[in-house]
Every structure is written in structure tokens, then in C-alpha cells.
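Take a look at the model below. This report goes through it one part at a time.

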Amino acid sequence: MSTTTWNRHHILSLADFTPIEYDTVLKAAASFREVLSRRTKKVPALQGQVVANLFFESSTRTRSSFELAAKRLSADTLNFTSATSSMTKGETILDTAKTYLAMGCDIMVIRHKEAGVPSAIAAELDRLGERVSVLNAGDGQHEHPSQGLLDLFTICTLIDPIEPRLELLKDKKIAIVGDILHSRVARSNIWSLTASGAEVHLAAPPTLLPKWFADFVNDEEIKEIDQIPNRKLFVHWHLEPALRDADFVMTLRLQKERMTANLLPSLREYHQLFGITRSQLKHCKPNVKILHPGPVNRGVEISSDLMDDPEFSLIQTQVTSGVAVRMALLYLIGSGKAVG
Amino acid sequence: MSTTTWNRHHILSLADFTPIEYDTVLKAAASFREVLSRRTKKVPALQGQVVANLFFESSTRTRSSFELAAKRLSADTLNFTSATSSMTKGETILDTAKTYLAMGCDIMVIRHKEAGVPSAIAAELDRLGERVSVLNAGDGQHEHPSQGLLDLFTICTLIDPIEPRLELLKDKKIAIVGDILHSRVARSNIWSLTASGAEVHLAAPPTLLPKWFADFVNDEEIKEIDQIPNRKLFVHWHLEPALRDADFVMTLRLQKERMTANLLPSLREYHQLFGITRSQLKHCKPNVKILHPGPVNRGVEISSDLMDDPEFSLIQTQVTSGVAVRMALLYLIGSGKAVG
Amino acid sequence: MSTTTWNRHHILSLADFTPIEYDTVLKAAASFREVLSRRTKKVPALQGQVVANLFFESSTRTRSSFELAAKRLSADTLNFTSATSSMTKGETILDTAKTYLAMGCDIMVIRHKEAGVPSAIAAELDRLGERVSVLNAGDGQHEHPSQGLLDLFTICTLIDPIEPRLELLKDKKIAIVGDILHSRVARSNIWSLTASGAEVHLAAPPTLLPKWFADFVNDEEIKEIDQIPNRKLFVHWHLEPALRDADFVMTLRLQKERMTANLLPSLREYHQLFGITRSQLKHCKPNVKILHPGPVNRGVEISSDLMDDPEFSLIQTQVTSGVAVRMALLYLIGSGKAVG
């Protein structure tokens, strides 16, 4: 697997990912997905390296996915979760990261409830001249790049399982439905999917849309967003126009806390207006597929039977893609380091 | 080690275990116990496979035993405990299991406080046509098959360390003492020990016995239980008749919550009536041995000095047996999968 | 690496460490530090052995350091923390340790909030004739020997990176500043540093000094402590005389709970009187270095900018030394066991 095109040391955001970088990740992930179908699912690529999962915000699902990806590359792993950390002892987050740096970690996978924490740690490590890489595993409402990349991989491999690549999505219509305002998953996906040339249609109640979209929202009319030049992004206050002839529908997890903040009247009304059901699917292309980053609130973002229907749901495939894509990311930044 | 006789894909209950299956587990465990006595205690049997410990009910002891067994077979392990899970996020248990399935786990070791959860997950995996195995590590008050098998192995190896086998227990008298009603350990042991041809004598206060035993209970008289054909099971409301000439005494952990539920007057009275002490042991055979699944409430189920007396106590041996038996179970279901 | 001079089975305290033992640890740690600078940072020394981290008191930092050290020696690791343990089920600490013994652990790394717990467990294991080693990872206010040794290694390697050895510290002046009374780190360091022939000067407010120092304390005068024959230990109620011409300054973590116990007026006053700042450093030798066991309360024990100044701060080096020293300790006790 050639990594000659890879120069990125940290993976913090998809905002400045280039088409070549996307394709490099997709190609590497396809190789690793093939490894995962073998009986012995391990490769020695990162033997002797240490991947530290620093989860200042807990997430068993994402942490397990990274841990498994690291182990399948033969890396050693260290898990840190804030519950058992010295956070309560008054140490700063940066001090914690520097402690793991000093122990000799090679890659830090960092999740934090505040946007910008992984970037701040990466900047400090660079300032110190350290070679340790940072991989953002979700920071506040900012980004979740490995999720954006695994969603991209899931969609592209559906179209071409052998050679998934960005150009496959050109002119596809993809709807992203739900709590766009608070979703780091939406943010990363908007970057990757619009970079592919796909038409991305957001559908959400106005209270769950970012303020900077407000001028462009019109329930009847669809407008291109100027802030993202050459990228096709549309905003809707209702579900139907977003779903019309869609190839893919991506629903977002609804944090139930949003109800108490008066951003939504009730889960039931939300499901009626923005929940994905079989009757809603009639607006989409016949072979439409549904994605969800999980964990799903069954009967809220999506009807329970639809979630379990392999004809439409890609939710399980996303999880499998997650391990392959995270192997690819760890491999690309880990091998890069080995060369230098 | 031949596994030609092994066809079981999941290990959920001992209710339908055949004598050949018991003997296959005992033989495999004996081989692995020999491995554990070497300086390098690892074998490459499950290299590249992933064992996920999904503990929806926490248990460091059992989780560590399974984790160590998996590591000694060279498998990779993932630990999930509900405290740091997305259970709180509204995902169903089945969704969690399917997430680990999609990540590519080969064996799921599942503990849950509700009876039937591991079986329900196994049924769903089978329905989906998946090859992942489920190993029940304790479900509510239902079963704890690996505990039943390690107790069986502990007793059989005491009689014949080289070739432990089911028939060695024929006509031995084994007393199971304590909270039969709530004990999944008792339930699994009743299946395995009665299958061996041993006479199994239960001793418990009536409030801690299952209701379906009520018709057969008589403090003076001992009756065979009809529900279990050809199996020798007896019920007593007092300790002494159960201990009389017993070869083995298995005491059960007493959940202290039972007191608050008014099922027992006091720990002290329980110890006087059903606690195993040196003076109570006089009723047993001279070389009687005592088992307890742990953790022990010292001075409640068993007197503290007796628990630590290697002449009588098999408690430490049970823990050591646990690793060997769990290696055997993971090996048998893991290797079976490799063939297919 | 020769270990012919190593006969110690457990590492519980530095009180009786011999100069030869100190030098053996320093030499082994120097070898492992070299391993850590390679791309593949693993050696097969403890392959197939199991290191159990039994942390009855949680500490992500120390646990991660031991876990990484064990993994780099190719040992398997098991983590136990009391939060998910059966401590709440009424099992004694000794029972927990014996359970891990019975599972086949080779080395137990034990931390507990009560002094003497690791020693009590080691004594019981010895009484049982078991070959399992215990490594004290911090017990109450008693000792933290691996911290004392990593501090020693950090200082010695600064003087001679190739051949760190105890005699290098002869006649160096080392100040230990802060909460001596409650600090197991101070206690272990007093043993190791006075053994080297260094002059050790303690500086603390009288409320944070052990009572047995009371007779010797005089704010103006410096006295040798009789209880430690041939060791040079001095006590001060003020910072300045301890810092005067010091080669190294070791500050101790201040537990904020001490304030509520009325042992200190305020964090601010503590920082003014005993905090290490640039202006305080003027009393020391020009090339003075500062150590702190971490995690640091920035602006309390040490000014924030000084902590981050690589010209003075050895704090990150200590963390790196920690992994090398813990590899050395696990290797020395683990290999010793292999021979016997």
C-alpha cells in the first residue's frame, strides 16, 4: 500500500482535506476491509507503537472501534477515560496529554466535550517539536472526522466495492436530517460529501439549524450556500424536499436533552415531522439507503423496523467500515511517522 | 487436541449438555491447565480473533478470568461495561451486541442481570446468519454455565487429575447449601452434577428455595424430584441431612439484599443454621471438600478459618480451574468456527 | 543484562534498599530507556507472564505507566480498579489478591489508600509459599518506591546519561519542598536520596511535617537527624535555607483537602511561602533543576511558566523515566522468578 501521497500528521478536521487525501483514505480502508475478512485479522504495521485513547468524554462504541483498529495493526493500546483520571485532581487537559506524550505514546486519539481541544493539544505538541500525532475522535459540536470518513467509505463502497473513490458521489443527492446545529457528525459529513461533488440537502427544524444558515433558509425555495464555494449545499425546514429523489439519507442522533432546552416540542412530534419511515422513503430514489452514526433512538430518528431492514439500512455497515477506516487513519499517520 | 465431538456454537445453559460434551470440556480444560503450569502460559489457538466481554452487570472477577483465558489463547480482547456504555443513551442491548458484531468480534461473553439476555442475543445473531458465538457469563437468576463447568472440573480433577471425566462423580454425594432460589450458580451446577450421576442434596431455608420444589420438601423425608428424570436431586430445609456423608459441599454466596426483603431474619442466624463450620463438617465424609463461587462473605456462608484451610477448601482451586475451563470453552467454540 | 546481583522478590519499600540494588535498577533502567528510543519499543523479556494492576485507589497516570512498562516487556496485563470490583460485595482485599493469584498472575502491582496493604499481601503470599511478586505502587502515606527510583534515575541520568549510578549524587544538595507529612513520595525519596550520600533538605510549614522531626526543627539552625545514621537529612520551616545552593528541588503535590483540615491558611499563602518561582530559584545553584511527581497544581506548588520551562523543569523527563524504571523493576523481579 503506497502512502507517498500522505503528508498529514494530525487528523483534526475535514475542512481542508484534499480530494487526493480522501481517495488515499478510501483506498487504504478498502485494503484493510479485505484484511478484516480473513481469518487472522491482524497486520504487523504498527507493531511496537502505542496508541493512547484519551477519552475526556466517554464513548464505549467509538473507543472500542479505535482500540480494535489499533490492535489489528498490532499496536499496543492505552485507555484513558476522564472518570478515572486526574482531571479531578486539578491537572489541565494539556498536562494529561503531555504525560502520555512523555510516556512514549505515538498516536493520541482524543475525544472531548469542548470544540477545539484536540487541535489545541496538537498545536502544543507541534510547538514542542514532538512527532506524536493527534486524531480527533469528536470535539464538542465541532467535528468528528473519522465518522465523516467512515460514512464516505460506506457510501462509496456501496457504489464500487473494489475501488471506492470520491468521484463516485458526483451529482448524487444526499440528505442529512435532524439536529444539524449540535452535530459534529453533520459538520464533518458536510465537508466530505460536498467535496465529492454530491448535492447535500440539510433538513431540520429552524431551532436545530446553525444561525449562519438563517439567511438562506426558505421553506419553498432551495438556495446554494455561498460560504462554501463550489460546494452544493441546500437547507430545508421540512423533510420532504430534502428526501425528494435522494440516493442516501443520513439521520442524526437526537440528544434528548434538546427537549428540556425547549428546542423541540416532543419526541413524538419530532418523529412525525423528521423521522425516517417507510412512507417517507417513497419520496427518495427506489434504492435509497439510510445511514445513522448510532446509537439510534429507535422510533425517534428512524422507525424501528426500517433500522433493521438490510434492504435500506447501512447502519451495521457503517460500524464495520469504522474499524477499516480507523485502521487506515492510524496506519497513514503512523507509517508517515516511521519514515521521518 | 481433537474437537471432532464439538458441535455447539453458543454456550448458554447446561440444561441440554450431553455427557460427551461435558467430557470434551473436561479434557480440553485439563490440557489447558497443563499449559498454565508452563513458564510461557500462552498458545496461539485464537490468534487474530476478538473476544468481546460485554458485561452489562459488572464483575471484575469473572471478567478478568475470561480476559485472561482469551489472552492466553492469543485472542485480542475488548471490554465493555455498562457503566461507560451507551445504555444510558437509549440504545437497546441488542443494538449494542450488533455493534460489536459489526466491528468483527468472533466471540461475545455476555453477562446481564436479566435472565435470557444472552440467549436472546444468540437467537438474533443466528437469525441474521452470523457466525459469532455467545457465551453466557451469568444471566439473572437463570444460569452461569462456565461456573458450573469449572466447579465440575474442580471436583473431577481432585479425583483424577490426569483424566477428569463425568463418570468419576457417579454415586458421590454433593450438598449445595444456601440461597438456591436466587442462584444461577446453583442452577447450572444442578444440571451438571445430576448429569454425572451424583446425588445432589440441596439445603436451604424454605424462603430461599424455588417454589416448584415445595411439594417435595419434607424436613424428615428425602424425595426424588420428578421433574428431572433419572437425576438424583434431594431437597432439605435443614443443613444436617444434606451434609451427612457428603463428599463435597458447595456453599452459595448470600446476597445481603435478601435480608431487607425479609427472606432471612439476620446474617448471624443464617450462619448458625446454614453456615459451614468445623463442627458441621463432622457430619460429612472425613475427606470432604468445600466449594464456593466467590466472593465469600466470611463468617456468613462459611467460617473464616475453614475458608482458608487448604485441607478442606477448594475455593482457590476453583479460581484456577476457571481460567483453564474458560480457555477450553473459548477454544472449543472458537476453533469450531474456524473449521466452518 | 546481568541480574546476578538481584535477590529481591517484592518491591515494597526503599527503607532497606542496598547501594548495589539501587545501581542495578539504575543500570537496567538505562538499558530500557535505550529500548524506548527505538522504533519498536518492545522486548520479549516477560512474554507469557501476567502483570495484574490492582488499583484499590485509582490513578490513571501510574496505572498507565505500569501497564505500558508491562506491555513493552511483552507481558499480558489485567487491570483491576476498586470502582468496578467486588470490594462492595464484602470480599476482603486479601481475598481479591488471592483470586488474582489463583488466576495465575505473576506480578501484582498494588496501590491502596492505606499504608501497609501491599506488604500485608506480600507477607500472606510468602506464607502460602507462592512465587508471585508484589510491587507497591503507593500505599497511603507510607511509600511509593517506583516513584523514588524514577526520581533517582531522572537525577542520575542528568549527571551521567550513559552510566547513571548512586555515587553521582554524593554531596549534591537536594531540597524536598511541601507536604512532607502526608507524602509517600517524600518518604521513598528520603530513603533513596540519603542513601546516595546527597544532603537532603526538607522545607515545609510545621503543620505539614512529621511529628518525629519536631525536636530537630529550628528555623535558624540546621541539624542532622539522628534517627537515620550516616544519612544527611535537614529540616526547615522556611523555603530559603533549603533552596540555598541546591542542585535539585523536588516539590510535592499539595492535596487540596489539607486546607479544609486547617493545616494551611490558603493556597495563595502556601504559594507565597513554599511555591517555587523564578525569584525563589535565585537562591539555588544556577543550573538547578526542578522535579514534581505530578499531577501539578499549577500556580500552587510551582509557578505555571516555570513548570513548562525545559531549562529548569524535569517533570516530563520524570514521566519518561517512569516507564523505563518500571520496566526495570518488572524485569528484575520477573526474571528472578523465571530462574528459580
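## Around A:Arg111

This is a predicted model. In it, A:Arg111 has many partners to check. Leave aside its neighbours within four places in sequence, and A:Arg111 is in contact with A:Leu54, A:Phe55, A:Phe56, A:Glu57, A:Ser59, A:Thr62, A:Ala137, A:Gly138, A:His144 and A:Arg184. A:Arg111 itself belongs to strand S3 of chain A, which covers residues 107-112.

Is A:Arg111 buried or exposed? Its relative accessible area is 5%. Buried means under 20%, so A:Arg111 counts as buried.

## Binding-site record

UniProt has an unreviewed entry with a "binding site" annotation. The entry lists A:Arg61, A:Thr62, A:Arg111, A:His144, A:Gln147, A:Gly294 and A:Pro295. Two of these names, A:Thr62 and A:His144, also appear among the contacts of A:Arg111.

A:Pro295 is on the list too. Where does A:Pro295 sit? It is found in a loop of chain A, between strand S9 (289-291) and helix H11 (304-307). A:Pro295 has 4% relative accessibility, so it is buried.

## Strands S3 and S4 in chain B

Now turn to chain B. Strand S3 (residues 107-112) pairs with S4(B). The pairing is parallel and runs over five bridges. Within it, B:His112 stands opposite B:Asp139 of S4(B).

A helix joins the picture. S3(B), helix H4 (residues 117-127) of chain B and S4(B) form a β-α-β unit, and the unit is right-handed.

How many residues of strand S4 (residues 133-139) of chain B are buried? Seven of the seven are. The strand is therefore largely enclosed by the rest of the structure.

## A contact between chains A and C

C:Thr320 lies in helix H12 of chain C, which spans residues 315-339. C:Thr320 is partly exposed, because its relative accessible area is 29% and that class lies between 20% and 50%.

The side chain of C:Thr320 reaches a partner in another chain. One of its polar atoms lies 2.6 Å from the backbone oxygen of A:Ala102. Within chain C, compare C:Arg268. It is 52 residues from C:Thr320 along the chain, and their C-alpha atoms are separated by 31 Å.

## How chains A and B are related

Which rotation superposes chain B on chain A? A turn of 120° does, with 0.0 Å of shift along its axis. The RMSD of this superposition is 0.0 Å. That is the relation of a three-fold axis.

Key. Residues numbered from 1 in each chain as written. Chains lettered and ligands numbered in written order. Predicted model: local features only at pLDDT ≥ 70, side-chain atom pairs only at ≥ 80, totals over all residues. Heavy atoms only, no water. Least-squares fit on C-alpha atoms with pLDDT ≥ 70 in both. Helix = DSSP H or I, 4+ residues; strand = E, 2+ residues; numbered from the N terminus. Buried < 20%, exposed > 50% of the residue type's maximum accessible area, 1.4 Å probe, protein only. Polar contact = N/O pair within 3.5 Å; in protein donor to acceptor, adjacent residues only side chain to side chain. Pairing = 2+ DSSP bridges. Right-handed = clockwise from strand over helix to strand, strands pointing away. UniProt positions renumbered as here; feature names shortened; annotations may be inferred. Contact = heavy atoms within 4.5 Å.
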